[in-house]
Each structure stands twice: as C-alpha cells, then as structure tokens.
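Me: I would like to take a close look at a single strand and the strands beside it, and I would be glad of a careful, connected explanation.

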Amino acid sequence: MTEPLLEVKDLHTVFNTKEGVVKAVDGVSFELYPGETLGIVGESGCGKSVTALSIMRLQRPGKIVGGKVLFKGHDLVKNTEDEMREVRGKEIAMIFQDPMTSLNPVYRTGWQVAEPLRLHHGWDGKKSLASAVSMLTRVGIPSAAHRARDYPHQFSGGMRQRVMIAMGLTTTPAVLIADDPTTALDVTIQAQILDLLRHVNREFGTATMLITHNLGVVAGMCQRIIVMYAGKIVEAGPTTDVFAHPKHPYTWSLLRSIPRLDADRHEPLKPIEGLPPSLIDLPSGCAFHPRCAFRVDRCPRDVPQLQTVNDTQQAACWVTQAGTELKGA
Amino acid sequence: MPETTTATKTLTRAWTSSDPLLTITDLKVWFPVASGVLQRTVGHVHAVDGVDLEIRAGETLGLVGESGCGKSTLGRTAIRLIAPTGGSIVFKGEDITHMRGEKLRSLRRDVAMIFQDPYASLDPRQTVGDIVGEPIDVHGLAKGKARHDRIQELLRVVGLNPRFVDRYPHEFSGGQRQRIGIARALAVEPSFIVCDEPISALDVSIQAQIINLLERLQSKFNLTYLFIAHDLSVVKHISNRIAVMYLGKIMEISPGMQLYKRPRHPYTGSLLSAIPIPDPVVEMRRERTIIQGDVASPVNPPSGCRFRTRCPRAKEHCAEEVPALESFGDDHMAACFYPLD
C-alpha cells in the first residue's frame, strides 16, 4: 500500500456566530493518495468546502479547534502563516467555483497565471510569463500568447476556469483541490472542464480532491468518494461500490431521489423527506435520523462513528454496522 | 356542409381542449444594445429569433438549453410578460400577441409563472398570506372569510402548514419558499404555468419533493406546464415532449424518451453526452462527444445554422442557409441538414 500524500485526522473547524457555535467540520478524517481523484460529495452547508479551506488554512473566520492535516510528514495546522504561504499554490493548489471572483480584474491574465512562479520559484517576469503561456496552451486556451495579454473579463466562464486551472498547475503541485469547479458553467462547458481535469490528473499525476454536490460528476471522475452530511463523513468507499450498494441511508436515499437521464420509464421520484438540519441546532444522535427511513431506537440517542462495514466501504450508521442491507419499496 | 380549408377553420371554430393550448409562430424577441455617450442602439440581442412552437393542453413541454439561449425569454414572452418584437402568440384560440388593457388582465387570470430563485421572487416584507393573497386581491377573486379560506387551502395544497400565513419568507427554507411561490401561482386557478428553472436553486435532497409536488398539482388541477431548465435529466423526467433551444432557435423537438434514445440534431447529441449520469459503471462505458468552443454571441449570431461554429458535422451549406424544423416521424422534428442517424 502506498503512503497517503495528505492525511486529515479528526479535523474540527468551528464558526462562532451570534446564534451559537457552528461545527462546520466535526471530526473529519480521510486520506488522499498520490495520483488519485477523490470525490467529496454533499449538499450545501455539509462542510465539504470548509474541509478544503481548512486544509489550505483559509477557513477564516472559522477556527480549526482540533485535529491534524498531515502533508509530507508536516502538520499544516501547526504551520506558521509564512510556512503556509510556501505550501499554498506551490504544493497544494485550489480552484474555486466562481472563476470570475477568484481572478483579479485589474491584472492581465498571463501575469496572474505566472504569479506562483515569480513567488515560489523567484523567476523574472519574462521567464514566468513564457511558462504561463505554455501552460495556458496546455489547458486548451487558443492563441495563448495573445490571450495572456487579455483581462479576465474578456474570457468566457469556461475559459476563465481553464485559466484558474492553468494557474494552479504552473508549479506542478502535488495536490489540486477543486471546489465545485463546474457548477457555474453550462453542461457542454462542464464536460470540457471535467475532461481537462481528467487529462491533468493523467498527465501531471496530480492527486485531485473534487468537491461537488453533483453525484453524476463524481461517478464519472472519482475512484473513491466521501459523502458528508452536517459536518461529518457519513460514508466512504470506492465509487463503484458506494453507488452499487450504498451503506448509509443518506447516500441510499439521495441516489433514489435524483432523476436519471438513462431511466427507461417514468417512475415517481422518491424524495428524502424533511430538510437538511441547521448546524446550530443539530438533531441528537445521528444527524440524519429525523429524515431516515431505516431509523432504529438507538439512532436519536447515540452518534455513530465511521466504521468499516465490508471489505471496501465505511459508514457511520448503526443499521448497516449491524449488518442490515439497505433495501426499500 | 362542405369542409372549409384548415386555416379558415381554426379561425372560425371556437377553441376546444383538443386544440393546442398555445401556438407560437415565428416569434421574435430582440433587445436593443445601447453603446456610447449618447446610448445609441448599436445592435440587437436576438434572444428569441423565429421560434415556432405548439404547447398541447395538459402536457408538460420541457424547454432546455444553455444559459443565454433565450429559453427564459421565450417562456416569459409566451405569457406576455415580455412584448414580442415579431410573430404571433395564440392562447386558447385567441391572438394575445398585442393584447392590452382589460383583456390582458383577464389573460393573467389564466396563466402563471414559477420563478427560479425563491429568495428573490418573494417580497421579504410581505407575509405568506399577503404574498399568496395578492393575486386574489388584484383580480378581485375573493374577499373576507372566503379569501382567508382560499389562502389556507392553497397553502395546504402545496404542502405547507396553513398556520404559517402570518410568517415572513425569511423564516422558511428554500424548498418551502418555492412552495409559497407555487401557491401564489395557483391562486388565480391558471390553466397554464411557465416554470422557469423551479428547482435549480434548491438542495439536491429537496429537488425531488418539488418535482413530485408539481406533478401532483398537474394531475389534480389539469395544468399545462412549460418547464424550462438546463438540467436535461430533470426535464426528461417531468416532460412529455422536449424542445432543445440554441441561440434563439429551436433545434429539435420530440417526445422525451425518443430524444434521449435517438437524438437527430448534433447539438442535442452533444448535450446528452455532456450530462453526467450518477452511475460509475455507465459513466465508464459511455462514449463522450465533447463539443469545443463557446456559444456564439446572440448579438451577431452565425449565418445559416447557429450551431455550425461548434458542430462537428458542419459543412459549407450550413453557413449559407438556415435549416428549418423538419419531421422525422413520430412527433419528432429537428432543424439540421446533416442529422444524426
């Protein structure tokens, strides 16, 4: 077994709000292995983005109150701000959902893409720009030398996301964190960007953490997935196994509630009843229990931990941990 | 009595429910683009540019396309929320293209709209009762106790607790707000509702609740929907027929299953192939045709077929002539000179 590249151990990130303490990330542990694409799935507010931001130590105004993020033997949580600056953009790069707000509107695109090279490698303007142009070409920007002189607003949404990916890759980081990189894009452009990410993963061997709410996207991109609900990981495992026989009722019901393009006939959808919980006022025990079709007596009382339930899968559920199969009408 | 020609027949005979509910012919909606200090009109956005469409009573017609293709403009113009630049709209046998005044007001009692963003489409200073009651007041449909009862009934119908009448929108979740928006749309007892991306702002686990609600209401009140969305899997689930739009034009229209099984227009083909299917086994085996480039500008749309700039099958002819929608049998039409097999 290869060594993990990144190891998140029992991470806790909280936000102090007027209404109380929000445990956005509540004891999250996982590993990222070299060269793999790991999917982190969940609805808005489940803590998937805050997990990513905490790895980069960009979680402010949130606070990391516990846990470790081990990267190449170092605990990033203990790093100073200066040490973190060495990691960000050089070792771990991140691309965001909205490429318009994450590019600076007043600098030329080529200059921005070249910034990590000037900052981390100390290259001069000319050398770094030449390298940026070649990277822009590799991510599929036509006439890159010319487009490098354009400002971000002169690019379309899909092209801006390519620019972001190019910026992330200039220093050939070991890890690329992509936080919902395609939600703001049209489907045909989404297909282009996902194809580019697959290509990047193959060509550069960059380990990718893909954060998304779209189960279709993870199905086509990721070898392993992690499902989050209310700040916790509720299920983890190889993508094919999790989709074939999910071991957490949340995953199970989510998969049954979404319409599929390849469905052969019209069947009513089976929605998950109720609402995602408020993080301020979480249900007792398992946070999913009020919406769960498989609830047993123990669920409202005790919080289940993420545990191995078969050879490949882990789930935080009293029902499947007891060996019960999830089946429904 | 001898039969008159079909054209005059539709003009003289009263509308019956077996006729199309809405017939759109050569509809154009252009928006001026102003520029410079004097804000002179320098061109037009051809948002909807020559659309023919028929919506049948009781059906759900899905309308899909990427952002900026004109699908929302088409939906709003169909119920006269936007004035068309050209063409005609006939609703229940009556030409509503240039309808005004009292007649337009009475049209508003028969059509309604559900919006995408349940946060922006509800007035934060109105209570739920005010929001749902407003159409009732505007059209003078009920007063006093009858009005109160009607509001309570509407809330019950969309699955909200009737005791919520005095609460404000911010006290509700996204899914509940969308239910309020649906109750407001139902208040006038419309026969036709334009649903503009009604679920795309909602959490994944809430979307199915709203889709099922819309389906239930449709059969209960015999509604006709124009369902606008960019998510083809949702549209295929809810629609009887699907129209695919690209840069202001309908590219293909067909019963949903057939569109998926055998798309004829290359754009539909690439759109279908771009949609991820939540099944890793299927995804692994799928062949992807990823189309390159971005959507062209609707201010200066390409000559001939609008999709030709991104189309893998485009030939010279495609730049010279605009392909018309042609029948492929079985209620299936596509506008392409070199259709897929």
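In E10(B), which residue is the bridge partner of B:Met245?

Reply: The model is a predicted one, and in it the bridge partner of B:Met245 in E10(B) is B:Ile250. That pair belongs to a longer contact between two strands, since E9(B) and strand E10, which covers residues 249-255 of chain B, are joined by six bridges and run antiparallel. Between these two strands lies a hairpin with two residues in the turn, and there B:Leu247 takes a positive phi near 45°.

E9(B) also pairs with strand E3 (residues 60-64) of chain B, this time in the parallel sense and over four bridges. Within E9(B), B:Val244 is the residue that stands opposite B:Val64. As background to both pairings, strands of a sheet pair through backbone hydrogen bonds, and they may do so in either a parallel or an antiparallel way.

The surroundings of the strand can be described residue by residue. Strand E9, residues 241-246 of chain B, is mostly covered, with six of its six residues buried. If you look at the two faces separately, one side carries B:Arg241, B:Ala243 and B:Met245, while the other carries B:Ile242, B:Val244 and B:Tyr246, and both faces are covered. B:Met245, the residue you asked about, is therefore buried, where the term calls for 20 or more other C-beta atoms within 10 Å of its own.

For a wider view of how strands are arranged in this model, chain A is a useful place to turn. Chain A has 11 helices and 12 strands, and eight strands form an open sheet of mixed pairing, in the order E6-E7-E8-E3-E9-E10-E12-E11. The edges of that sheet are strand E6 (92-95) and strand E11 (307-308) of chain A, each of which pairs on one side only. Further in, strand E10 (residues 232-238) of chain A pairs with strand E12 (residues 314-315) of chain A in the antiparallel sense over two bridges, and A:Gln314 in E12(A) has A:Ala236 opposite.

As for chain A as a whole, 50% of its 329 residues count as buried, and its C-alpha atoms fill a box of roughly 65 × 50 × 45 Å along the principal axes. A compact globule of 329 residues would have a radius of gyration near 20 Å, and the value of 21 Å for chain A agrees with this. Among the contacts in chain A with a separation of 6 or more, 64% are between residues 24 or more positions apart.

Notes: Residues numbered from 1 in each chain as written. Chains lettered and ligands numbered in written order. Predicted model: local features only at pLDDT ≥ 70, side-chain atom pairs only at ≥ 80, totals over all residues. Buried ≥ 20, exposed ≤ 12 C-beta atoms within 10 Å, placed from the backbone. Pairing = 2+ DSSP bridges. Rg over C-alpha atoms; globule rule 2.2 N^0.38 Å. Contact = placed C-beta atoms within 7 Å.
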